[in-house]
Every structure is written in structure tokens, then in C-alpha cells.
Amino acid sequence: MIGRIPEKVGGSGIFLLSISTIYVTLGIIDIQVVRNALWMLGGLILRISPVLALVFGIIFLTNLLFEAGGIVRMLGEGSGLRGWIFALLGGIISSGPIYMWYPLLGDLKEKGMRESLIAAFLYNRAIKIPLVPMMVHYFGWPFAVILSLYMVIFSVLNGLAVERLTEGRGR
Amino acid sequence: MENNTFLRNHSGEGQPLIRVAMKVVSPGALKQAFLKTARSFTRSLPILLGVFMLLSLAATLIPKGLYGRIFTGNQIFDPLIGALVGSVAGGNPVTSYIIGGELRLQGISMLAITAFILAWVTVGIIQLPAEALMLGRRFALVRNVVSFFSAVMIAILTVLALGWT
């Protein structure tokens with residue numbers, strides 16, 4: 001019976017269960033830490049909800065408008081320069097934390113998106129145009145410009161390296 | 001219309017745009033797309049909630065002042081330490097800039113700070129299980145390792161380009 005639990009809840013359920021166990025254990029040791037963490041968790045969920053809704057909307061539109069063939073053409077093996085531009089710009093303009101985009105990218109991967117483009121998209125998530133003034137405030141314009149340029153260049157190199165290193169391997 | 005590339009959409013083998021428009025207004029297609037999205041989201045939500053819980057716990061347990069005490073002043077080890085600490089920590093990029101600014105005031109090298117900021121936003125040890133579950137274990141592992149070394153390399157190149165060594 002117990003042996004069947006992992007089968008029923010799956011990897012995601014086990015992941016959530018493990019973290020809940022950490023919370024419960026910590027709560028027994030020091031309830032104040034867990035209280036502070038839960039308070040922070042509430043704030044985080046509130047801040048992130050709009051991005052979650054945006055990602056839901058994009059996945060919905062992708063499911064409605066594009067079929068697997070279309071995704072492969074735009075972001076698959078033969079997508080070429082257009083695929084890279086989509087991934088680079090998509091990564092830069094997308095908002096919210098990196099992990100909010102995993103469901104969409106997982107969905108697109110199942111439909112045929114190249115792993116190099118997923119990696120490039122995720123790397124470019126680090127370039128946040130609305131946060132550039134903040135970076136300039138702390139480190140100056142030359143730093144912000146040079147760092148951003150290197151990040152775009154390395155996002156492509158990263159994508160190619162990741163694809164090469166994961167080549168021919170499934171999930 | 002069939003030969004007009006402008007009117008062709010991206011939904012497969014060159015269907016006319018009108019078919020997409022019909023799909024958008026068809027209740028059946030809308031319902032199907034909504035259910036598919038909801039199913040995909042239901043699968044992802046426990047993972048996302050787990051990441052939120054881990055990040056909240058890390059933010060509660062790791063005091064901000066800890067970062068400054070980790071660096072050694074060594075030009076070779078500090079960028080690696082910066083990238084390592086940035087990989088383990090996580091959260092809003094603004095926080096990494098603020099911590100980076102404070103570290104700079106404490107005299108920590110820009111090499112270490114740049115590696116720290118980059119790893120903070122590109123490498124995610126806390127969210128690694130979530131990335132592995134949704135994008136594949138090998139992909140997540142390789143991407144994070146490659147991003148870690150990229151953070152160190154970009155830090156070196158940026159500092160060299162600015163003559164901040």
C-alpha cells in the first residue's frame with residue numbers, strides 16, 4: 001500500500017511532500033521560523049499571481065492557435081535564425097521569476113521546441129530591462145551595457161553547449 | 001488565398017488565416033484548449049508551490065549579512081565563491097543588486113560580485129528539482145552547470161573589458 005504512494009502522487013507530489021515535511025520538522029524545532037517563512041510565502045504568492053495568470057494565458061493561446069507542426073517550424077530543429085530571435089527576445093521581455101516559465105517551456109518542449117532555444121530563453125531571463133536603472137545606480141552604465149551584451153552572446157553559446165551535451169538523451 | 005503567404009498562419013502546414021479565426025471563436029476549440037491548459041497547470045502547480053516554499057524558507061534562514069563574510073579576498077577563489085553563493089541563493093534580481101552594492105562597499109572585488117549577480121539570476125539550485133521535473137533531469141543539470149561556468153567567464157570578461165582588475 002505504502003509502496004504505491006509514489007506511483008499515485010508522482011514526482012511533483014513527492015517534491016511538495018518533501019518540502020512540507022521540512023516545514024513540519026522545522027516547525028517542531030522552531031515555530032517562529034516556519035511562521036516567518038509562511039508569511040513570506042503568502043507575500044510571494046500574491047506578488048507572483050499576475051505572472052502565473054499571464055503564463056496560463058500564453059499556454060492557453062499556444063494550445064488554441066498553434067499545433068505541434070507550427071511550434072516545430074517556429075522553434076524546432078529547422079527554425080534557424082527566427083527561432084533564436086524568438087528565444088532571445090522572449091527571454092528578455094518575459095517578466096516574473098524564471099521558474100514561472102517552466103510549465104510553458106515544458107509544454108513547448110513536448111511540442112518540439114529545441115533544447116538550445118529553451119536554454120537561451122532561460123539565460124536571457126536574466127536581462128531585465130525594467131531593472132537596468134537599478135543596476136546602473138549600483139554599478140554604472142558601462143557595467144550594465146557590457147554585462148548585458150555578454151549575457152546575450154553567452155545565452156546563444158549556452159544554448160548550443162546545452163544542446164550538444166544533452167544530445168540524443170531523453171527526459 | 002492558398003498561395004498568399006501573408007495570409008498563412010503558423011499552425012501547421014500552411015492553413016489559411018481564416019481557419020485560425022474560426023478556431024478562436026469556436027466554443028469547442030476554446031473549451032479544449034482551456035482544459036488542456038488547466039491539465040498542464042494542475043501538473044505544474046505542486047512543483048511551483050514547492051519552489052515558492054523553498055525560496056521563502058531560504059530567505060528566512062539565510063541572513064543578508066552572511067554574504068559579505070563568505071568572501072576571502074582571493075582573486076581566484078572569490079569569483080567561484082560568488083557564483084556558488086549566487087547559485088544557492090535566489091529571489092528577485094533587485095535583491096542581488098542590493099547585496100552586490102553592499103558587497104562593493106565592503107571592498108569585495110567586482111569579479112566576485114559580478115559572478116554572484118549572474119549566478120543569482122541564471123543558476124537555480126533551489127528550483128533545480130522543479131526544472132528537472134518539468135524540463136528533464138539531464139537538461140536541468142547540464143543547463144545549470146553550464147550557466148555556473150558562464151557566470152564566472154562573463155564576470156572575468158566584463159571586469160577585463162572595464163579595466164577593473
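Buried here means under 20% relative accessible area, with exposed over 50% and partly exposed in between (1.4 Å probe, protein chains only). By that yardstick, 10 of the 10 residues of helix 6 of chain A are buried, so this helix is largely enclosed by the rest of the structure. Helices and strands are DSSP runs numbered from the N terminus (helices: H or I, at least four residues; strands: E, at least two). This is a predicted model, where local features need pLDDT of at least 70, side-chain atom pairs count only at pLDDT 80 or more, and totals for chains, interfaces and linings use all residues. Residues are numbered from 1 along each chain as its sequence is written, chains are lettered from A and ligands numbered from 1 in the order in which they are written, and side-chain values use heavy atoms, with hydrogens and water left out.

**The A–B interface**

- Chain A and chain B bury about 6,600 Å² between them, with 77% of it on carbon and sulfur atoms; buried area is the accessible area (1.4 Å probe) that two parts lose on being put together, summed over both.
- A:Phe15, A:Tyr102 and A:Phe139 supply 11% of what chain A buries against chain B, more than any other three residues.
- Chain A puts 67 residues into the contact and chain B puts in 74 residues, contact meaning heavy atoms within 4.5 Å.
- The rule finds 0 salt bridges across this interface, a salt bridge being a side-chain nitrogen of Lys or Arg within 4 Å of a carboxyl oxygen of Asp or Glu.
- What the rule does find across it is 9 residue pairs in polar contact, both residues at pLDDT 80 or more.
- A polar contact is a pair of N or O atoms within 3.5 Å; within protein, one must be able to donate a hydrogen and the other to accept it, and residues adjacent in sequence count only if both atoms are side-chain atoms.
- On the chain A side, the elements giving two or more residues are helix 1 (5-29), helix 2 (31-65), helix 3 (68-75), helix 5 (102-110), helix 6, helix 7 and helix 8 (141-166).
- Helix 2 of chain A gives the largest share of that side, 16 residues.
- By class, the chain A side has 48 nonpolar, 10 polar and 9 charged residues; Ala, Val, Leu, Ile, Met, Phe, Trp, Tyr, Cys and Pro count as nonpolar, Asp, Glu, Lys and Arg as charged, and the others, Gly among them, as polar.

**Two serines of chain B**

- B:Ser56 sits in helix 2 (residues 27-61) of chain B and is buried at 2% relative accessibility.
- A polar atom of the B:Ser56 side chain lies 3.4 Å from the backbone nitrogen of A:Leu41.
- B:Ser56 also has chain A company: it touches A:Tyr23, A:Ala37, A:Met40, A:Leu41 and A:Leu44, leaving out residues up to four places away in sequence.
- B:Ser147 belongs to helix 8 (residues 137-162) of chain B and is buried, with a relative accessible area of 1%.
- Leaving out residues up to four places away in sequence, B:Ser147 touches A:Tyr123, A:Asn158, B:Thr122 and B:Val123.

**Charges around helix 6 of chain A**

- The structure holds 5 salt bridges over all chains.
- A:Glu115, one of the buried residues of helix 6, forms a salt bridge with A:Lys109, with the closest N and O atoms 2.9 Å apart, and both partners are buried.
- A:Glu163 pairs with A:Arg114 in a salt bridge at 2.8 Å between the closest N and O atoms.
- That pair links distant parts of the chain, 49 residues apart: A:Glu163 is in helix 8 and A:Arg114 in the loop between helix 5 and helix 6.
- A:Glu163 is buried at 16% relative accessibility, and A:Arg114 is buried at 11%.
- A:Arg125 lies in the loop between helix 6 (115-124) and helix 7 (132-139) of chain A.
- A:Arg125 is buried yet has no salt bridge, and the nearest side chain of opposite charge, B:Glu131, is 11 Å away; Lys and Arg count as positive and Asp and Glu as negative, while His and the chain ends are not counted.
- Contacts of A:Arg125, beyond residues up to four places away in sequence, include A:Gly91, A:Ser94, A:Pro97 and A:Trp101.

**Chain B overall**

- Chain B has 8 helices and 0 strands.
- Buried residues make up 51% of its 165 residues.
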